[in-house]
Amino acid sequence: MGKAFAGKAVLVTGSTSGIGLGIARAFAAEGANVMLNGLGDPGAVDALLGAIVKDFRVRALYHPADMTRPLEIAEMVAVTEQEFGAVDILVNNAGIQHVSPVDEFPVEKWDAILAINLSSAFHATRAALPGMKKRGWGRVINLASAHGLVASPFKSAYVAAKHGLVGFTKSAALEVAEQGITVNAICPGYVMTPIVEKQIDDQARVHGVARENVIRDVILAPQPTKQFVRIEDVAALALHLASPAAAQINGTSISIDGGWTAR
Ligand code: NAD
């Protein structure tokens, strides 16, 4: 049987780690050529690219665009189109976190979170849509969060950016609905990746308690299943959203959070 995304070009922002890397590898496993992006030293990035080529026999490239810089984001989309002939599937995944009370929130952290977690999705989508419209097919998948739907204290910038991303998803989806393009958001609960590892370490330090206690009593407290979401399950959802079966899923946010937002 043929691979589901053979020959498709997939650009995943923030794909040198965690969920983004998992999504890029899952598309590559189904035959897509993938453009990686994100922070990381050149040796580590080369190893990720080499593993994708070896494991899946597709083309894998890397663009170092900083998601706080609109011109670099546009250039990344243009380079992907030059190299692969298209950006068929755009996954806006890059994201960072900072935890602090509003009145102590560092202004530069607020600006960086809004830029990386929200505005970068606008800049990448803006650059990728003309090609998708020309080809009459495209998929934009935005990694929002349970925090795109509900809030937690001390995460004002993240919650604001992710709610904004859910709103952007709806508006963009309405614009392109008749052109074979869908725009959707995935809203995961907690997934064990470096962004969460750091929060566990920070909380353990601040409260002076063991990591296991932070995981049980703080991190997984809002997640009814008391289990982390798996990267591969988020990736499987992204593949579904890009599949023909999802052609009528548009402008929505799909939760994958163990029941968190059902409360
Ligand atoms: P991660 O820290 O493992 O990966 C984040 C990626 O973004 C990395 O590749 C990093 O290099 C990249 N990045 C950060 N700043 C960048 C910049 N300025 N320019 C380019 N790339 C940059 O985190 P993750 O958990 O895999 O998160 C991926 C996405 O999923 C984020 O948007 C995050 O908010 C979202 N999310 C994560 C969880 C979770 O529990 N891990 C839950 C819900 C939503």
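In the predicted model, the accessible surface of the chain amounts to about 12000 Å², and carbon and sulfur atoms account for 57% of this area. Of the 263 residues, 48% count as buried. The C-alpha trace extends over about 55 × 40 × 35 Å along its principal axes. A compact globule of 263 residues would be expected to have a radius of gyration near 18 Å, and the chain, with 18 Å, agrees with that expectation. Charged side chains comprise 23 positive and 24 negative groups, and the centres of these two sets are 5 Å apart.

The secondary structure consists of eight helices and seven strands. Contacts that link distant parts of the sequence are well represented: among contacts between residues at least 6 apart in sequence, 72% join residues at least 24 apart.

The largest nonpolar core contains 33 residues, of which I23, F27, V91, I141 and I186 touch the most other members. At least two residues of this core are supplied by each of the strands β1 (9-12), β2 (33-37), β4 (89-92) and β5 (138-143), and likewise by each of the helices α1 (18-29), α2 (42-56) and α8 (231-242). Helix α8 provides the largest share, with seven residues. A second core, separate from this one, has 23 residues, including V87, I116, A124 and V183.

The surroundings of I186 were examined further. When residues up to four places away in sequence are not counted, I186 touches I141, N142, L143, A144 and S145, together with V234, L237, A238, L241, I254 and I256. I141 is itself one of the core residues that touch the most other members.

A246 is located in the loop between α8 and β7 (253-256). This residue has a relative accessible area of 0% and is therefore buried, the limit for that class being under 20%. Apart from neighbours within four places in sequence, A246 is in contact with T182, H240 and L241. L241 is also touched by I186. By contrast with these contacts, the C-alpha atoms of A246 and R69 are 32 Å apart in space, the two residues being 177 apart in sequence.

W110 belongs to helix α4 (residues 107-135). Its relative accessible area of 34% falls between the limits of 20% and 50%, so W110 is classed as partly exposed. With neighbours within four places in sequence left aside, the contacts of W110 are F105, S156, A157 and A160. The C-alpha atoms of W110 and Q97 are separated by 9.6 Å, at a distance of 13 residues along the chain.

Positive phi values in residues other than glycine were noted for F154 and for K226. For F154, phi is near 70 degrees; this residue is found in the loop between β5 and α5 (156-176). The relative accessibility of F154 is 47%, which places the residue in the partly exposed class. For K226, phi is near 60 degrees, and the residue is situated in the loop between α7 (211-219) and α8. K226 is likewise partly exposed, at a relative accessible area of 46%.

Note on methods
Residues are numbered from 1 along each chain as its sequence is written. This is a predicted model: local features need pLDDT of at least 70, side-chain atom pairs count only at pLDDT 80 or more; totals for chains, interfaces and linings use all residues. Side-chain values use heavy atoms; hydrogens and water are left out. Helices (H or I, at least four residues) and strands (E, at least two) are DSSP runs, numbered from the N terminus. The radius of gyration is taken over C-alpha atoms; the globule rule is 2.2 Å times the number of residues to the power 0.38. Buried means under 20% relative accessible area, exposed over 50%, partly exposed in between (1.4 Å probe, protein chains only). Contact means heavy atoms within 4.5 Å. Accessible areas come from the Shrake-Rupley method with a 1.4 Å probe; for residues, only the protein chains shown count as cover. Lys and Arg count as positive and Asp and Glu as negative; His and the chain ends are not counted. The place of a charge is taken as NZ of Lys, CZ of Arg, CG of Asp or CD of Glu. A nonpolar core is a set of buried Ala, Val, Leu, Ile, Met, Phe, Trp, Tyr and Cys residues joined through side-chain atoms within 4.5 Å.
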